[in-house]
Amino acid sequence: MKTPIYLDYAATTPVDKEVLSAALPFYTQSFYNPSSSHALGQKAAAAVDFAREKCAAAINASPSEIYFTSGGTEAINWAMSGLPHNKKHVVVSAIEHDAVMACAKRFTENGCDVDFVKPDEHGIIRADALKSVLRESTGLVCVMTVNNIVGSIQPIKELALAAHEVGALFFTDAVQAVNSIDIDAKYTDVDMLAVSGHKFYAPKGIGLLYVKRGLSVKPFMVGGEQERGMRAGTVDVPSVVAMGVAIEMAQKNVQEYNAHASEVANAFTSLLKFGNVVQCENKTADIISIVFDGVNGGRLAIALSCSGVCCSVGSACSAGSATPPQTLIEMGVKNADCAVRFSFGKNTTVTSAKTAAQIVNTTVKRLMRV
């Protein structure tokens with residue numbers, strides 16, 4: 001069998017060669033513990049500080065506002081680990097990642113009220129819809145920056161403003177956004193923001209949480225003074241260094257990335273003989289969901305894998321679920337159980353995209369006959 005065509009970059013990306021090259025010395029040569037007070041340990045600490053500066057600059061933040069985590073899920077859990085004093089109401093968009101939804105459930109179990117804001121038919125959370133559920137008791141609002149199923153881009157600045165008008169904090173999961181849009185924590189005025197390295201060509205197991213200066217959050221893990229006493233545990237220096245390089249590259253190359261993603265996505269969709277692309281008025285080019293009426297999406301994804309095209313039904317974190325992606329249900333997409341997500345990356349070529357489209361055509365036609 002030929003090498004499969006990978007069209008699941010929204011699930012994870014390969015580590016970029018330049019990123020790997022930057023990280024490797026910290027596994028074998030400068031392997032020191034950055035918490036050690038001796039000169040070699042401080043050499044590693046300097047590398048961590050430099051990476052923190054890169055991460056901060058990439059999202060227009062200050063280094064003191066950056067906390068390294070083990071990934072997006074930890075950053076989300078940390079951001080949603082508590083509410084301001086005397087606040088017992090949380091608002092979450094209905095199209096969030098499973099990690100946010102699980103945290104929302106935990107709030108409910110702890111006696112808080114949680115409201116879910118529905119998107120419009122384009123997968124966008126509108127400011128008016130958010131305002132309709134906000135209260136004086138609202139302590140936290142959570143809306144992702146880019147949806148991981150359809151690629152819809154949310155009006156984060158407007159939504160954050162609406163949250164702040166009632167005194168609520170605003171948190172955004174920007175895990176799916178780093179490659180395709182400019183991240184600006186200060187301009188959007190978010191209080192907290194999470195990213196995960198493996199979505200933008202850094203290793204798995206590394207992420208960060210941005211916390212606006214002056215905002216008080218509880219330590220997420222205790223047992224050491226790492227991350228200024230907020231997140232105990234020996235710092236993974238190679239991964240931190242790698243993420244610093246990767247996020248800097250991603251944010252510098254947003255326009256180039258989008259142009260490439262548009263080219264390969266258009267090459268792919270233009271050759272499809274079946275399926276209806278889920279439309280969004282404002283979205284990234286690297287993620288598309290397509291509904292193939294009459295063919296179960298899960299069954300199609302498996303059949304495509306056997307034929308050499310790797311894609312998914314929805315988030316990798318919810319793989320194995322028998323239900324279609326919640327985003328499509330909330331958008332009112334008909335036959336959402338017949339949808340498959342295709343996502344493109346830096347290594348996707350026009351040739352491979354066209355070949356994948358032909359394989360999709362053949363596979364869908366075969367399944368329709370069964």
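What follows is a look at the central sheet, the helices around it and one buried glycine in this predicted model.

The sheet is the natural place to start. Seven strands make up an open sheet with mixed pairing, in the order β2-β8-β7-β6-β5-β3-β4. At the edges sit β2 (66-69) and β4, and each has a single partner strand, so one side of each is left without a neighbour in the sheet. Going from strand to neighbouring strand, the average turn is 20 degrees, direction ignored.

Strand β3 (residues 89-93) is flanked by β4 on one hand and β5 on the other. With β4 (residues 113-117), β3 runs parallel, and five bridges hold the pairing together. In this pairing, valine 91 sits opposite aspartate 115 of β4. The link between these two strands includes helix α5 (residues 98-109), and β3, α5 and β4 together form a right-handed β-α-β unit.

Towards β5 (residues 138-142), β3 is again parallel, this time through four bridges. Two of the facing pairs can be picked out here: valine 90 has leucine 140 as its bridge partner in β5, and valine 92 faces cysteine 142. Leucine 140 also looks the other way, since its bridge partner in β6 is leucine 169. The β5-β6 pairing is parallel too and counts three bridges. How enclosed is β5 by the rest of the structure? Five of its five residues are buried, so the strand is largely enclosed.

The step from β5 to β6 repeats the theme of a helix between strands: β5, α7 and β6 make a right-handed β-α-β unit. Helix α7 (residues 156-165) lies across β5 and β6, at about 150 degrees to β6. Helix α4 packs on the sheet as well, and touches β2, β5, β6 (169-173), β7 (192-196) and β8 (207-211). The direction of α4 makes about 165 degrees with that of β7.

Now for the helix pairs. Two packed helices are described by the angle between their axes and the distance between the axes. For α4 (residues 72-79) and α5, the axes come within 9 Å and cross at roughly 30 degrees. That is under 35 degrees, and the two helices are therefore roughly parallel to each other. The crossing is right-handed. On the α4 side the contact involves Thr73, Ile76 and Asn77, which meet Ala99, Val100, Cys103 and Arg106 of α5.

Helices α3 (residues 39-58) and α10 (residues 237-252) make another such pair, with axes that come within 8 Å and cross at roughly 25 degrees. They too are roughly parallel to each other, but their crossing is left-handed. Among the α3 residues in this contact are Ala44, Ala47, Ala51 and Ala58, along with Val48, Lys54 and Cys55. From α10 come residues including Val237, Val240, Val241, Gly244 and Val245, as well as Glu248 and Gln251.

Last comes glycine 123, which is found in the loop between β4 and α6 (127-131). Is glycine 123 buried or exposed? Its relative accessible area is 0%, which falls under the 20% cut-off, so glycine 123 counts as buried. Beyond its neighbours within four places in sequence, glycine 123 is in contact with Ile95, Ser152, Gln154 and Met331. Glycine 223, by contrast, is 100 residues away in sequence, and the C-alpha atoms of these two glycines are 42 Å apart in space.

Note on methods:
Residues are numbered from 1 along each chain as its sequence is written. This is a predicted model: local features need pLDDT of at least 70, side-chain atom pairs count only at pLDDT 80 or more; totals for chains, interfaces and linings use all residues. Side-chain values use heavy atoms; hydrogens and water are left out. Two strands pair if DSSP finds at least two bridges between them. A crossover is right-handed if, with the strands pointing away from the viewer, the path from the first strand over the helix to the second runs clockwise. Buried means under 20% relative accessible area, exposed over 50%, partly exposed in between (1.4 Å probe, protein chains only). Contact means heavy atoms within 4.5 Å. Axes are lines fitted to C-alpha atoms, for helices over the stretch in contact, and angles run from 0 to 180 degrees between N-to-C directions. Angles under 35 degrees count as roughly parallel, over 145 as roughly antiparallel, 65 to 115 as roughly perpendicular and the rest as oblique. A crossing is left-handed if the near helix is turned anticlockwise from the far one by less than a right angle, and right-handed if clockwise.
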